[in-house]
Amino acid sequence: MSSISIFSLNTSLIPLSKDRSIRGKQIINYLKNNHFSIICLQEVIGKETLNNIKQTLPKYETIKSGLIGGGLLTLTNLPVIKSKFITFRDKIGKFPTGIV
């Protein structure tokens, strides 16, 4: 039986984060040394950070969404048939339409 493993992390890799460089290297090393089917990362901001992750994990397809050159990043070694980013634009307390 095949299994799927999912890893999710709020990376705190935003430009003003303390120890951003060290933290980024630790996260990339961890991902490189462990196998996950799907990786969901939050707060991946900036092209340099995104490029470092993509270069370290070349066998993963990257799905980038969000604002300011990043934000949410999904990596997978499974086939991606379709991806869509849906923003939350409704009032607080209501679920946005289109999310299943």
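Let us start at one residue: Phe7 stands opposite Ile39 in S2. The strand that carries Phe7, S1 (residues 6-13), runs parallel to S2 (residues 38-44), and six bridges join the two. Strands count as paired here if DSSP finds at least two bridges between them. Helices (H or I, at least four residues) and strands (E, at least two) are DSSP runs, numbered from the N terminus.

A word on what you are looking at: this is a predicted model, in which local features need pLDDT of at least 70 and side-chain atom pairs count only at pLDDT 80 or more, while totals for chains, interfaces and linings use all residues. Residues are numbered from 1 along each chain as its sequence is written, and side-chain values use heavy atoms, with hydrogens and water left out.

Now step back to the whole chain. The protein chain holds two helices and four strands, in the order β-α-β-α-β-β along the sequence. Of its 100 residues, 26% are buried, where buried means under 20% relative accessible area, exposed means over 50%, and partly exposed lies in between (1.4 Å probe, protein chains only). The accessible surface of the chain is about 7,600 Å², and carbon and sulfur atoms provide 57% of that surface. These areas come from the Shrake-Rupley method with a 1.4 Å probe; for residues, only the protein chains shown count as cover. Among the contacts in the chain with a separation of 6 or more, 54% are between residues 24 or more positions apart; contact means heavy atoms within 4.5 Å.

Back at the first strand, you can follow the chain from S1 through helix H1 (residues 20-33) into S2, and the three make a right-handed β-α-β unit. Right-handed means that, with the strands pointing away from the viewer, the path from the first strand over the helix to the second runs clockwise.

Aromatic rings also link the parts of this unit. Three aromatic pairs turn up in a search of the whole structure. Rings of Phe, Tyr and Trp (its six-membered ring) pair if their centres lie within 6.5 Å; planes under 30 degrees apart count as stacked, over 60 as edge-to-face and the rest as tilted. Phe7 and Tyr30 form one of the pairs, with 5.5 Å from centre to centre and 40° between the planes, a tilted arrangement. This pair links strand S1 to helix H1, across 23 residues. Phe7 is buried at a relative accessible area of 16%, whereas Tyr30, at 40%, is partly exposed. Phe7 has a second partner in Phe36: the ring centres are 4.9 Å apart and the planes meet at 35°, so this pair is tilted. Because Phe7 lies in strand S1 and Phe36 in the loop between H1 and S2, the pair ties together parts 29 residues apart in sequence. Phe36 is buried too, at 11% relative accessibility. Together, ring pairs join Phe7, Tyr30 and Phe36 into a cluster.

What about the nonpolar interior? In soluble globular proteins, nonpolar side chains tend to be buried together. Here the largest nonpolar core has 15 residues, and those with the most contacts inside it are Leu31, Ile39, Leu41, Ile53, Leu57, Leu73 and Leu75. S1, H1, S2, H2 and strand S4 (71-76) each give two or more residues to this core. Such a core is a set of buried Ala, Val, Leu, Ile, Met, Phe, Trp, Tyr and Cys residues joined through side-chain atoms within 4.5 Å. Take Ile53 as a guide: leaving aside neighbours within four places in sequence, Ile53 is in contact with Ile28, Leu41, Val44, Leu73 and Leu75.

Helix H2 (residues 47-56) is worth a closer look, and Thr49 has its place there. Thr49 is buried, with a relative accessible area of 12%. Apart from residues up to four places away in sequence, Thr49 touches Leu13, Arg20 and Val44. Thr56 also lies in helix H2, but is partly exposed at 25% relative accessibility. With the same exclusion of residues up to four places away, Thr56 touches Ile28 and Lys32. Thr56 and Ile28 are 28 residues apart in sequence, yet 7.1 Å apart from C-alpha to C-alpha.

Finally, return to strand S2, where Glu43 has its place. Glu43 is partly exposed, at 29% relative accessibility. Not counting residues up to four places away in sequence, Glu43 touches Asn10, Thr11, Ser12, Leu13, Ile14 and Gly71. Glu43 and Gly71 are 28 residues apart along the chain, with 4.5 Å between their C-alpha atoms.
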